[in-house]
Amino acid sequence: MSQSDRGLRRLAAGTLLAAFQGTTAPEWVLRELEHGLGGVTLFGFNVADPGQVRDLTTALRAAGEPVISLDEEGGDVTRLAYHVGSPYPGNAALGAVDDVELTHRVHRAIAAELSACGVNLNMAPSADVNTEADNPVIGTRSFGTDAELVARHTVAAVRGLQAGGVAACVKHFPGHGATRVDSHLAVPVVDVGLDMLRERELAPFRAAIGAGAKSVMTAHVAVPAVTGDAPATLSGPALTGLLRGELGYDGVVVTDALDMHAITKSVGLAGGAVLTLASGADLLCLGPLPTYDDIQAIIAEIVTAVREGRLPVERLEQAAERVAALRAWFGAPHEAAAEQNGVGLHAARRAVRLTGAPEPLVEPLVIEVDTPPTIAVGDVPWGVGPWLPDAEIVRVGPAAADVPVLLAKAANRSLVVVVKDAHRHQASQDLVSALLAARRDTTVIEMGLPVWRPGGAAYIATYGAARPNAQAAVELLSGRWTSSRVVGPRK
């Protein structure tokens, strides 16, 4: 291979964020980092404990100057705490509190943990304005339904993360909140005009850019007014025209995972890589599925596209310059880590809402209504069991639950029903309603968005299913702590 060929291959590899299985770096990853691979994205299957992650990132750094990224949003989407649940509430809870200083403190604490583990880019925060209640992929990952609220908390999150030396990656541009389709599975459409897009979806991104966000993540969503039928990730009018041009952004543009069906089922993995680079992306998150052979094929296709004139080499050079500037920022001095012990529980306590008055607990039976995890969240543990050690916990699928059996088991005992995004699952609503018809003294705990609320029962809304959300709910339930966010009895 000639020197020019090696240089071109290095430029192509430098745009990729690869993933791998296991808790140690495979030899091929270390070898590719030596040959210019842009970096890696870590997932829950790469994490055992913080010390192991630190050892892993140290090994990766010994082979190059990688961007080391993961999704640590707090709340439901966590990678460092994938096996136990996040110690921080997510965006919906922080938006419910609406204290930007608290949002800053939570994200500063997240940055301290990531930095200690050797992670330098956090694929967070979500700046999506969640105007669609039935959104299957955003939900509690959003600060809320109001663009101004989302914008001010996005800024606080960006500043909190970057104060700790961890680059923020504001997502999902130009907005995934008004969708009813999961882009892991298909291409969602945000069919709004440019005026509405600017007023609602783009407002948090505009604010984040003004706050100095180091990177922005694309969305695999189509906005016909801008992108036509194409997802924004593959759209020059979205990435170069709107983000670079109108919003004036010159930082690193990172794609959402290219192994999602919105890309792989339309233009293919390698084809998507070329198209998104041509459209203006700088770093391509490949997602957890592509193998070493897939990555080789992607690099080869990028090189071929340059040689055939489908992708200007200047576009790769521009991407390399932006990523180099990001690496330089990683190496600059940042604030010393501030002590943030307990900020997650403090935030969750401020977010939790109680309507009505739960009955005193007597040999409680807790029915946790199972909810299928989204692909973005994964199979992260949730529920109240760890904080109610003396309770009997029953996890049931709503469609298969036997109401008479459950009611018989609950006889002469306190009954607590825990749901997660019940508004999105009719079977969950039916089960809760059937239990309440027989037991009006039931307490319902909603660990997703409190959109659907059954009448009559004591009701606790946590705005997320992370560990501190559950603890705050149980403290209210058991009378160990009184929320300042108590609503009057339901009519």
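Let me begin at one end of the sheet, where strand β6, residues 215-218, and β7 pair in the parallel sense over three bridges, and where S215 stands opposite V252 in β7. I should say at once that this is a predicted model, and everything that follows should be heard with that in mind.

Stepping back from that pair, we have an open sheet of eight strands, with parallel pairing, in the order β7-β6-β5-β4-β3-β2-β1-β8. The edges are taken by β7 and by β8, residues 284-285, each of which has a single partner strand, so one side of each is left without a neighbour in the sheet. As a general reminder, strands of a sheet pair through backbone hydrogen bonds, in either a parallel or an antiparallel manner.

Moving inward along that order, I would like to dwell on β3, residues 67-70, whose two faces are both covered, with V67 and S69 buried on one side and I68 and L70 buried on the other. On one flank, β3 pairs in the parallel sense with strand β2, residues 39-41, over three bridges, and here the bridge partner of G39 is V67. On the connection between these two strands, β2, helix α3, residues 50-62, and β3 together make a right-handed β-α-β unit. β3 is also joined by two bridges to strand β4, residues 121-122, again running parallel, and in that pairing L70 has N122 as its bridge partner.

Now to the overall layout. The domain assignment of the protein chain gives domain 1, residues 3-331, and domain 2, residues 352-478, and their centres, taken over C-alpha atoms, are separated by 34 Å. The contact between them takes 28 residues from domain 1 and 23 residues from domain 2.

How many residues does the largest nonpolar core have? It has 116, and those with the most contacts inside it are L16, L60, F173 and I302. Both domain 1 and domain 2 give residues to this core, so it lies between them. There is also a second, separate core of 21 residues, which includes V352, V416, I445 and L476.

To give one of the well-connected residues of the largest core some detail, F173, leaving aside its neighbours within four places in sequence, is in contact with a set of residues including L202, F205, V216, M217, L239 and L242. A238 and A232 are also among the contacts of F173, and both of these appear again in the surroundings of T227, which touches A222, A232, S235 and A238 when residues up to four places away in sequence are not counted.

T227 itself is placed in helix α8, residues 224-227. Is T227 buried or exposed? At 10% relative accessibility, T227 counts as buried, and a polar atom of its side chain lies 2.7 Å from the backbone oxygen of A230.

For contrast in setting, let me finish with D250, which sits in the loop between α9, residues 236-246, and β7, residues 252-254. With a relative accessible area of 56%, D250 is exposed. Not counting residues up to four places away in sequence, D250 touches R244 and R322, and with R322 there is a polar contact from side chain to side chain at 3.0 Å. Finally, D250 and T154 are 96 residues apart in sequence, and their C-alpha atoms are 18 Å apart in space.

Technical notes. Residues numbered from 1 in each chain as written. Predicted model: local features only at pLDDT ≥ 70, side-chain atom pairs only at ≥ 80, totals over all residues. Heavy atoms only, no water. Core = buried A, V, L, I, M, F, W, Y, C linked by side-chain atoms within 4.5 Å. Buried < 20%, exposed > 50% of the residue type's maximum accessible area, 1.4 Å probe, protein only. Domains from an automatic or database assignment. Contact = heavy atoms within 4.5 Å. Helix = DSSP H or I, 4+ residues; strand = E, 2+ residues; numbered from the N terminus. Polar contact = N/O pair within 3.5 Å; in protein donor to acceptor, adjacent residues only side chain to side chain. Pairing = 2+ DSSP bridges. Right-handed = clockwise from strand over helix to strand, strands pointing away.
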